[in-house]
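Here is a friendly walk through one protein chain, written for a reader who likes to check geometry. Please keep the viewer open and follow along.

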Amino acid sequence: MAQKDDVWEKRKRARQADDDALARRDHLLSRVTKSDNEKAWEKAGAEYLKANQWCDECDKRGYMTPADYVVHITAPKDSQVLFWDIRNWKGVCTNCQRRLVGTAPLKFLDPIPQDAKLYTVK
Ligand SMILES: [Zn+2]
């Protein structure tokens with residue numbers, strides 16, 4: 001019964017396609033879901049931009065452009081301190097953000113607790 005086999009084969013392929021679609025959806029969702037660290041970074045960045053409203057890069061060239069993003073002056077890589085120290089931050093406009101950072105992924109490091117005794121000399 002060749003026809004019956006065809007139907008069976010078609011069903012099997014359709015089921016596989018469904019599974020693939022589900023796997024793709026899960027993969028996309030996992031990229032959309034923000035981690036707590038990413039949320040903390042966005043919140044801190046929004047606060048920073050309230051106080052630092054102009055693009056630092058454009059300012060150097062004598063232009064005043066509203067800042068849309070916070071970027072690190074020195075790429076933090078795996079340094080929690082470089083990541084969260086606002087002295088290592090600057091506000092930039094969308095164009096400057098693209099030019100400086102592009103699509104380079106940012107690794108969201110754990111926030112430093114308020115009570116961390118940084119730079120204390122004993
Ligand atoms: Zn700019």
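## Polar contacts around N88

A polar contact here is a pair of N or O atoms within 3.5 Å; within protein, one of the two must be able to donate a hydrogen and the other to accept it. With that in mind, start at N88, where the side chain reaches the backbone nitrogen of T74 at 2.8 Å. Please remember throughout that this is a predicted model.

N88 sits in the loop between α4 and β2 (89–92). Is N88 buried or exposed? Its relative accessibility is 6%, so N88 counts as buried. The C-alpha atoms of N88 and T74 are separated by 6.5 Å, although the two residues are 14 residues apart along the chain. Leaving aside neighbours within four places in sequence, N88 is in contact with V71, H72, I73, T74 and L82.

## H72, a residue of strand β1

One of those contacts of N88 is H72, which belongs to strand β1 (residues 69–72). The relative accessible area of H72 is 13%, and H72 is therefore buried, given that buried means under 20%.

Which backbone atom lies 2.8 Å from a polar atom of the side chain of H72? The backbone oxygen of F83 does. Not counting residues up to four places away in sequence, H72 touches W41, L82, F83, N88, W89 and L106. Two of these names, F83 and W89, come back in the next section, where they are part of a cluster of rings.

## Aromatic pairs and their cluster

How many aromatic pairs does a search of the whole structure find? The search finds six. One of them is formed by F83 and F108: the arrangement is edge-to-face, with 6.5 Å from centre to centre and 75° between the planes. This pair links distant parts of the chain, since F83 is in helix α4 (residues 80–84) while F108 is in the segment after α5 (94–100), 25 residues apart. The two partners also have their own accessibility values: F83 is at 0% relative accessibility, so it counts as buried, whereas F108 is at 25% and counts as partly exposed. Taken together, ring pairs link W41, Y48, F83, W84, W89 and F108 into a cluster.

W84 is another member of that cluster, and its place is in helix α4. W84 is buried, with a relative accessible area of 14%. Its side chain reaches the backbone oxygen of D110 at 2.9 Å. Leaving aside neighbours within four places in sequence, W84 is in contact with N37, A40, W41, A44, W89, L109, D110, P111 and I112. For a distance back to the strand residue discussed above, the C-alpha atoms of W84 and H72 are separated by 9.1 Å, with the residues twelve apart along the chain.

## The zinc site

Now for the metal. Which protein atoms are the donors of the zinc ion? They are the SG atoms of C55, C58, C93 and C96, lying 2.3 Å from the ion. In sequence, the donor residues follow the spacing C-x2-C-x34-C-x2-C.

The angles among the four donor atoms run from 102 to 114°, and the site is tetrahedral. That label fits because four donors count as tetrahedral if all angles lie between 85 and 135 degrees. Of the donor residues, C55 and C58 are both buried.

## Exposed positions

For contrast, visit K77, in the loop between β1 and α4. K77 is exposed, with a relative accessible area of 65%. It has a positive phi of about 50° although it is not a glycine. As background, most residues other than glycine have a negative phi.

N95, found in helix α5, is exposed too, with a relative accessible area of 55%. The C-alpha atoms of N95 and K34 are separated by 24 Å, and the two residues are 61 residues apart along the chain.

## Domains

Finally, zoom out. The chain is divided into domain 1 (1–33) and domain 2 (36–100). How far apart do the C-alpha centres of domain 1 and domain 2 lie? They lie 43 Å apart.

Technical notes
Residues numbered from 1 in each chain as written. Predicted model: local features only at pLDDT ≥ 70, side-chain atom pairs only at ≥ 80, totals over all residues. Heavy atoms only, no water. Phe/Tyr/Trp six-rings, centres within 6.5 Å; stacked < 30°, edge-to-face > 60°. Helix = DSSP H or I, 4+ residues; strand = E, 2+ residues; numbered from the N terminus. Buried < 20%, exposed > 50% of the residue type's maximum accessible area, 1.4 Å probe, protein only. Donors = N, O, S within 2.8 Å, 3.2 Å for Na, K, Ca; no water. Tetrahedral: all angles 85-135°; square planar, octahedral: opposite > 155°, others 65-115°. Contact = heavy atoms within 4.5 Å. Domains from an automatic or database assignment.
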